Amino acid sequence: MTTSGQSSSKPIQRLAIGGSTIFTIVLIASLLQRSQGQSGNAYLVLTGLSGLALAAYIFAGWLANRPKGIVPALMITTLSLVAITVIPGYFLADYWPLGLAFSLFLVAEASLSRRPSAVVPMTLSALLGFAALLAVDLWVAPSEGLPSLIALSSGPVIAIAIVMGLVVATLIGIEWQSRARSLRPNLGTQLSLLFSFVSAGSILAVLIVVVFQIRGLQVRQIGQSFQSFAEFQAERVGNNLDQQIYLLKQLWRDQTLTYALNTANTTYGFAAFKPETLDKLRQKDIEWQASGEDSEFVNQYTLNQQTQILARFTTTNPRHSNLIVTDKLGALIGGLGNKPAHYYFGDEAWWKAAWNNGEGGIYIGDLTFDNETGTATVLIAMIFKDPSAAADSPDPEMGRRIGVLASTYNLEQIQGYFINPLSPSESINLISPEGKMIASTSARAGDEAMPGLLAPGITAANTSTRTLGADANQRRELIANAPINTTDQSNLEPIKALGWQVAVSQAETDALKPVTESVELAGFVGILAVCLVILVASEISRRIARPIINLTETADHMTHGDLTRRAKPSGPIELFTLAEAFNTLTDRLQQTLTGLEQRVAERTQDLERRSTQIQAAADVGRAAASILDTGELLQQVVELIRERFGLYYVGLFLVETGGEWAVLRAGTGEAGKVLIARRHRIKVGEGMIGWCISHSQARIAMDVKQDAVRLVTNELALTRSEAAIPLRSRGRVIGALTVQSDQPGVFDDPTIAVLQTMADQVGVALDNAQLFTDNTEALDAAKRAYGELSREAWTKILRTRPIQGYRCDEAGVIAIREGEITSSDREDDPTELKIPVKVRGQVLGVIRAHKHSDGAVWSKDEITMMENLVDQMSVALENARLYSNTQRRAEREQLIAEITARVRASTSIDTILQTAVLEISEALQLKQASVQLRSGNGGHSDD
């Protein structure tokens with residue numbers, strides 16, 4: 001037989017087995033890590049603590065079997081878990097997930113131990129252990145690597161949320177086990193659990209909200225800082241390009257270049273832009289391709305005065321090289337540097353974009369990289385304008401468009417903006433739309449950008465944004481980007497068309513390190529506050545529980561029949577008042593119990609009476625629905641009411657046709673017979689019955705001596721209380737029901753309600769019975785009348801028919817003439833079957849059928865079949881007669897219509913008379929017919 005102590009130790013033993021398994025796995029893993037020489041002495045510490053925890057759990061499992069050893073066993077497991085949760089965090093930088101798991105395992109132990117009283121201390125230990133882990137991470141950095149929780153910026157948020165969820169899950173688990181296993185923790189424990197977890201859950205929920213608010217605010221601030229820096233760098237790049245465009249536009253003011261361009265454009269005359277002119281330029285371009293760099297043809301354009309002007313420009317602006325000036329058709333005017341690739345540039349895309357059909361524009365593109373020097377260059381091309389043609393306008397932009405100027409610009413100065421990052425993990429990059437690094441603090445020009453910098457939201461962004469990406473090692477990083485921009489918006493469109501993006505990125509661990517530290521600090525303070533609230537809630541719960549426990553003990557004695565026990569008032573004023581009220585309630589309970597049995601008996605008797613009345617109402621309703629005979633229905637109703645209600649007398653009055661008198665139609669007992677025999681009646685409006693009928697409502701006399709309206713009847717001398725109930729049907733009163741008792745005050749409201757219900761049922765039943773009788777009589781009269789008409793019609797038909805029927809035998813079908821007899825020789829012949837032919841209840845004839853063999857007897861089924869056939873034949877005969885009559889009537893109506901039409905066809909009196917007498921004679925086949933007209937005074941007819 002298992003004792004209670006052994007039963008309660010089983011959860012601790014199973015817990016010890018589970019913990020031992022976990023720490024065995026951790027011990028083996030730490031030994032493997034230690035054997036590989038990782039982390040110096042860090043895994044040695046984890047190995048030692050895992051071994052000690054394993055030994056502690058094994059010892060706790062053995063100690064749980066000892067008397068009073070469960071509590072020490074739980075204390076040992078709790079202390080070992082707290083130690084292994086906190087200490088290794090000082091040595092291992094990436095230990096925090098494992099430490100969090102141990103802290104949560106400690107919370108789970110509180111539920112698995114099935115000891116509600118252990119939930120609060122074990123949960124406090126888990127929260128304090130996790131708080132210590134945060135403290136180690138914040139103020140005592142691990143010996144190697146970054147602080148553990150800082151390694152993941154959202155780690156504190158996730159960890160705090162997990163702890164809060166496990167704390168709430170522990171409360172749910174304890175409650176579920178209490179219900180499933182019928183555990184009954186005392187009130188102090190339950191209140192402590194409830195207050196602790198409600199307050200802890202509230203604080204943790206607020207903590208989570210605050211942590212997320214802090215983290216979100218700081219992340220936005222850091223992101224905005226990165227974004228602002230990216231926008232600053234992007235504007236520097238754009239302003240640099242804008243400055244180069246401005247410098248190139250200064251060449252417009254050189255008269256040598258403008259003179260050379262105007263001279264070249266003048267030579268075309270009106271043939272400019274004609275196909276033959278362009279073809280000549282393309283032929284010269286072919287000649288240019290074939291000429292050497294030192295040929296006279298090439299030197300004519302690379303060693304002229306225009307080239308000297310361009311050389312002076314590059315002296316002051318050394319980052320510009322390979323300058324080219326073309327006329328308005330794209331023909332070369334001067335080129336500085338290496339031999340230009342073409343003589344005719346009119347077919348080049350950059351030239352077309354710069355010339356723009358004479359409208360003018362700016363082209364920036366053709367990004368190239370030099371792998372040896374690590375520099376990048378772009379081509380800047382623009383329209384060349386003659387300021388002198390702008391009349392009085394000082395703005396050179398208003399000048400005439402006379403050619404195109406192009407330069408290869410070295411981005412070395414722009415690349416110099418991307419040299420010094422703010423921190424080692426920060427990277428500042430200028431990226432082309434193709435994903436090439438134009439300038440970077442962490443890569444060479446021309447290298448492919450990291451995948452995180454090639455996200456569609458970055459490379460195709462029109463405005464500055466920020467997001468999370470990944471570096472080359474797939475580590476998360478914070479990225480802010482901005483498209484290149486300019487302070488002066490005049491040249492912004494061609495600059496933004498480049499699609500270059502400035503992207504500032506930094507490892508998330510470094511970028512959000514202040515955020516993580518703030519979150520950890522908030523979590524640390526919040527968990528300490530939760531622990532303090534749990535302690536205070538537990539103490540308050542115990543103080544509240546003491547007086548309630550006293551009341552519980554008093555109530556327990558009362559349940560065992562000890563009503564002399566009284567609670568001792570104590571505790572807060574509310575509980576003090578509750579104890580006094582409880583004692584007062586006990587006193588009243590004693591007084592109540594003394595008269596309770598008597599009240600129960602009275603209520604039981606009343607309930608039985610109500611049940612009898614309801615059953616009586618059902619019986620009356622059943623009789624009213626099943627009996628159609630008025631006299632039988634009335635007598636049975638009054639007898640049922642008198643018997644079921646235990647009354648002295650019941651009578652039923654019906655209003656006469658004139659509505660002046662109410663006549664007694666049914667009554668119970670000898671008094672009822674006497675009253676019916678002398679045709680007892682009451683005038684409507686007099687007495688209780690007359691008043692009830694005239695007012696259409698019940699009248700009750702609890703004491704008949706005090707009712708001034710009631711009429712005294714000598715046959716009912718013992719009546720002490722009486723009620724008159726109207727019989728109503730279809731909105732009118734057809735009579736009244738009188739119920740009388742030899743006891744005063746019998747007819748209360750519920751009884752009257754039941755009687756009124758029965759009276760209404762009887763009223764409707766009487767009305768229905770009368771309607772049924774009237775309908776039956778009318779139907780019978782109609783049937784008799786129609787049957788008489790049918791009989792007379794058949795009599796006329798049979799008189800005029802020489803053939804009275806047909807006989808079928810071996811000779812075939814033979815007509816039966818009037819006067820012939822078809823019956824057999826013997827009246828009691830068993831082979832003969834006679835069935836009358838009836839139409840509308842009138843016998844028209846008879847069918848006689850004979851069996852073939854002598855002595856054969858007609859079976860019941862054969863007789864039934866013959867009767868059905870005869871019935872169908874009777875219906876068919878009647879239908880045929882009706883159809884024949886209908887045809888004759890139709891022929892007669894048609895004949896009358898034809899004669900009338902012929903008569904009306906003439907307007908002459910003589911013709912009308914002749915036609916009428918002729919048509920009537922022919923139609924009726926008369927021997928003689930005449931028509932005469934007489935004068936109004938009865939004299940002779942007029943000729």
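1. A residue is called buried here when its relative accessible area is under 20%. By that yardstick, 42% of the 943 residues of the protein count as buried. Keep in mind as you read on that this is a predicted model.

2. Now for the overall make-up. The secondary structure comes to 24 helices and 20 strands. If you take the contacts in the protein with a separation of 6 or more, 62% of them are between residues 24 or more positions apart.

3. Have a look at strand E6, because it is a nice case of burial: 6 of its 6 residues are buried, which means that the strand is mostly covered. On one side you'll find Glu426, Ile428 and Leu430, and on the other Ser427, Asn429 and Ile431; both faces are covered.

4. Which strands pair with E6? One is strand E10 (residues 501-507), antiparallel to E6 and joined to it over 6 bridges. Another is E7, also running antiparallel to E6, with 3 bridges between them. Leu430 shows both pairings nicely: Val502 stands opposite Leu430 in E10, while in E7 the bridge partner of Leu430 is Ala439.

5. E6 and E7 form a hairpin with 5 residues between the strands, and there Gly435 takes a positive phi near 85 degrees. Ser432 also sits in the loop between E6 (426-431) and E7 (437-440). Is Ser432 buried or exposed? With a relative accessible area of 2%, well, Ser432 is buried, since the cut-off is under 20%. Setting aside neighbours within four places in sequence, Ser432 is in contact with Leu367, Ile438 and Trp500.

6. Next, find the open sheet of 6 strands. Its order is E13-E12-E11-E16-E15-E14, and the pairing is antiparallel. Strand E13 (681-683) and strand E14 (699-701) stand at the edges; each has a single partner strand, so one side of each has no neighbour in the sheet. From one strand to the next, the twist averages 25 degrees.

7. Within that sheet, zoom in on strand E15 (residues 721-729) and strand E16 (residues 732-741). They run antiparallel and are joined by 9 bridges. As an example to click on, Glu722 stands opposite Gln740 in E16.

8. Two helices pack on this sheet. Helix H20 (residues 669-677) touches strand E11 (649-655) and strand E12 (661-667), and its direction makes about 140 degrees with that of E12. Helix H21 (residues 687-695) touches E11, E12, E13, E14, E15 and E16, and its direction makes about 35 degrees with that of E15.

9. For a helix pair, try helix H8 (residues 255-268) and helix H11 (residues 305-316). Their axes come within 9 Å and cross at roughly 145 degrees, and the crossing is left-handed. H8 brings Thr256, Leu257 and Ala260 to the contact, and H11 brings Gln305, Gln306, Ile309 and Leu310. What kinds of residue are these? They divide into 4 nonpolar, 3 polar and no charged.

10. Last, check helix H23 (residues 860-904) with a bit of arithmetic. At 1.5 Å a residue, its 45 residues should span 66 Å, and the end C-alpha atoms are 66 Å apart, so the two agree. The buried residues in H23 are Met866, Val870, Ser874, Glu878, Arg881, Asn885, Ile899 and Val903. When you look at the spacing, remember that an α-helix has 3.6 residues a turn, so residues three or four places apart point the same way.

Conventions: Residues are numbered from 1 along each chain as its sequence is written. This is a predicted model: local features need pLDDT of at least 70, side-chain atom pairs count only at pLDDT 80 or more; totals for chains, interfaces and linings use all residues. Side-chain values use heavy atoms; hydrogens and water are left out. Axes are lines fitted to C-alpha atoms, for helices over the stretch in contact, and angles run from 0 to 180 degrees between N-to-C directions. Helices (H or I, at least four residues) and strands (E, at least two) are DSSP runs, numbered from the N terminus. A crossing is left-handed if the near helix is turned anticlockwise from the far one by less than a right angle, and right-handed if clockwise. Contact means heavy atoms within 4.5 Å. Ala, Val, Leu, Ile, Met, Phe, Trp, Tyr, Cys and Pro count as nonpolar, Asp, Glu, Lys and Arg as charged, and the others, Gly among them, as polar. The expected span of a helix is 1.5 Å times one less than its number of residues. Buried means under 20% relative accessible area, exposed over 50%, partly exposed in between (1.4 Å probe, protein chains only). Two strands pair if DSSP finds at least two bridges between them.
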